[in-house]
Each structure stands twice: as C-alpha cells, then as structure tokens.
Amino acid sequence: MLSARPPVTENPLGLSWHDSAWIPVLNPNNIMDYFSERSNPFYDRTCNNEIVKMQRLSPDQLQNMTGLEYILLHVQAPILYVIRKQHRHTPTLAAPLADYYIIAGVVYQAPDLASVVSSRLLSTVHHLQSAFEEASSCSRYHPSKGYYWDFKNGKAMAAKKETPVREEPSSLFQRQRVDMLLAELTRKFPLPVPKPVHQAIEPSMEIKQEVKTEKKDMKPPPEKKPKVN
C-alpha cells in the first residue's frame with residue numbers, strides 16, 4: 001500500500017481574502033465578525049472566539065479561557081485593522097502566533113522576520129544579477145582594440161526590452177473612502193468664507209484755507225511842540 005502523502009499547504013503569505021459585501025460597512029465594531037467569516041482561510045474555527053460566539057458570551061470572557069484566540073490589536077479606521085492570533089495560557093499571559101492586517105477590506109498575513117530577511121536577500125541577488133547582465137551586454141571585443149565598453153548600443157538594447165508599465169484604475173472602494181476622508185477633513189476644518197469687500201468711502205475733507213490778516217500797528221501822529229524863542 002502506498003503511504004498517504006501529507007496535504008500540500010499553500011504559503012499563507014501569498015494569500016489574501018476579502019468579502020465585497022462587507023467592505024463598505026467595515027468599522028471597529030464589526031471587524032471581528034468580518035474576520036470570522038467561514039470563507040476566510042486565515043480564521044481557525046477551533047478558536048475560543050468561535051465558542052464565545054456560539055454561546056453568545058461577552059468577548060471579555062476570552063481572558064478567562066485558555067487556548068487559541070484572536071484579538072483586535074490596532075485600529076486606524078477606516079482603512080487599517082490589525083488582528084493578532086495568539087495562544088492564551090493565563091489571564092495575563094498570551095503567546096503571539098501570527099498577525100493579520102486588513103487594508104481596504106483585504107486580509108493579509110503579516111510576514112515573520114525570517115520571511116522578510118529571505119525576501120530582501122532574494123531581491124538583492126536579483127538586482128545584482130540584473131546589473132551584471134546589463135554590464136555584460138555593453139562589453140565588446142575587437143581584434144585590434146581588444147575588450148572595450150559600448151554603452152550607447154547597450155542602453156539602446158535595454159530600452160527596447162523595457163515594457164511600458166500599465167496603470168490600473170482606482171477601485172470603487174478607494175474612490176468612496178477618499179471621498180469620505182475629504183468630507184471628514186472638510187467638516188473638521190471648514191474653508192473660510194470670504195467676506196464681501198466694501199469700498200471705504202472716505203469723507204470729503206474740506207480744506208479750509210485760513211486767511212491770515214496781518215494787523216498793522218496804527219501809531220498816532222507825532223505831536224507838534226511849540227518853538228521856544
């Protein structure tokens with residue numbers, strides 16, 4: 001008999017999930033219900049959240065239970081939510097297992113440190129390999145000159161290989177969310193209403209010319225004295 005092969009599990013870092021019906025109404029109050037949908041591949045239905053949900057208990061009861069659970073770790077409404085998967089041992093001790101971030105209604109698993117380092121190393125090796133290939137394409141050889149560099153023809157060949165980048169149009173969710181953010185900013189910081197400009201009418205200044213009259217001192221005529229013989 002052939003031994004049964006273990007099921008091949010896909011790398012969760014390459015997966016994403018979303019439900020279009022929930023995206024327009026997501027908020028901090030219903031984000032955990034959105035994450036616990038049956039079609040979400042990141043949600044483990046054996047967790048304590050499912051038990052609390054089925055028994056209609058308060059979410060605060062999770063601290064009194066032990067085992068796997070999901071908590072809402074960070075909120076930056078309406079665009080970003082971070083949910084943590086952890087194993088609770090005591091009411092005050094819980095070991096984190098994975099983090100999931102929800103951006104614009106799409107759920108992703110946050111990569112661990114080893115995956116980040118491995119991805120950066122692969123990216124570095126790829127760029128180095130591309131640099132060596134581009135440099136080797138500019139290398140030429142002539143019997144009389146020997147090896148030399150021809151960067152003009154090399155750049156022309158590289159330009160032919162480049163393909164134009166296609167820009168994707170924005171989605172309905174992005175347009176609606178941007179409109180909501182702009183409306184909220186406008187409500188918090190209303191634009192100043194320009195005041196009507198009135199031309200100030202200056203009162204006519206009447207210039208009064210003061211006529212100065214010079215008063216001359218009127219002296220009486222000198223008295224005539226009689227002559228003494």
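A polar contact is taken here as a pair of N or O atoms within 3.5 Å, one able to donate a hydrogen and the other to accept it. In the predicted model, the side chains of glutamate 69 and arginine 88 satisfy this criterion, with a polar contact of 2.9 Å. A further polar contact, of 2.7 Å, joins the side chain of glutamate 69 to that of glutamine 86. Glutamate 69 lies in strand 1, which spans residues 67-76. Its relative accessibility is 1%, so glutamate 69 counts as buried. When residues up to four places away in sequence are set aside, glutamate 69 touches Cys47, Asn49, Leu62, Arg84, Lys85, Gln86 and Arg88.

The pairing of glutamate 69 with arginine 88 also qualifies as a salt bridge, the closest N and O atoms being 2.9 Å apart. This pair links distant parts of the chain, since arginine 88 belongs to strand 2 (residues 80-90) while glutamate 69 belongs to strand 1, 19 residues apart. Arginine 88 has a relative accessible area of 9% and is therefore buried. Side chains of opposite charge can pair when their charged atoms come close.

One of the residues in contact with glutamate 69 is Asn49, which is located in helix 2 (residues 48-54). Asparagine 49 is classed as buried because its relative accessible area is 14%. The side chain of asparagine 49 reaches the backbone nitrogen of tyrosine 70 at 2.7 Å. Apart from neighbours within four places in sequence, the contacts of asparagine 49 comprise Met32, Tyr43, Leu62, Glu69 and Tyr70. Leu62 thus appears among the contacts of asparagine 49 and among those of glutamate 69.

Four salt bridges are found in a search of the whole structure. Besides the pair described above, aspartate 99 and arginine 84 meet through their side chains at 3.0 Å, N to O. This pair likewise links distant parts of the chain, with aspartate 99 in strand 3 (residues 93-103) and arginine 84 in strand 2, 15 residues apart. Aspartate 99 is partly exposed, with a relative accessible area of 23%, and arginine 84 is also partly exposed at 23%. Another salt bridge is formed by arginine 45 and glutamate 50, whose closest N and O atoms are 2.9 Å apart. Arginine 45 is partly exposed at 33% relative accessible area, whereas glutamate 50 is buried at 9%.

On the surface, Val178, Leu182, Leu185 and Phe189 make a nonpolar patch of about 410 Å². Of these residues, leucine 182 is found in helix 5, which covers residues 172-188.

Note on methods. Residues are numbered from 1 along each chain as its sequence is written. This is a predicted model: local features need pLDDT of at least 70, side-chain atom pairs count only at pLDDT 80 or more; totals for chains, interfaces and linings use all residues. Side-chain values use heavy atoms; hydrogens and water are left out. Helices (H or I, at least four residues) and strands (E, at least two) are DSSP runs, numbered from the N terminus. Buried means under 20% relative accessible area, exposed over 50%, partly exposed in between (1.4 Å probe, protein chains only). Contact means heavy atoms within 4.5 Å. Patches are made of residues with over 30% relative accessible area and no salt bridge: like charges are joined within 9 Å, nonpolar side chains (Val, Leu, Ile, Met, Phe, Trp, Tyr) within 5 Å. Accessible areas come from the Shrake-Rupley method with a 1.4 Å probe; for residues, only the protein chains shown count as cover.
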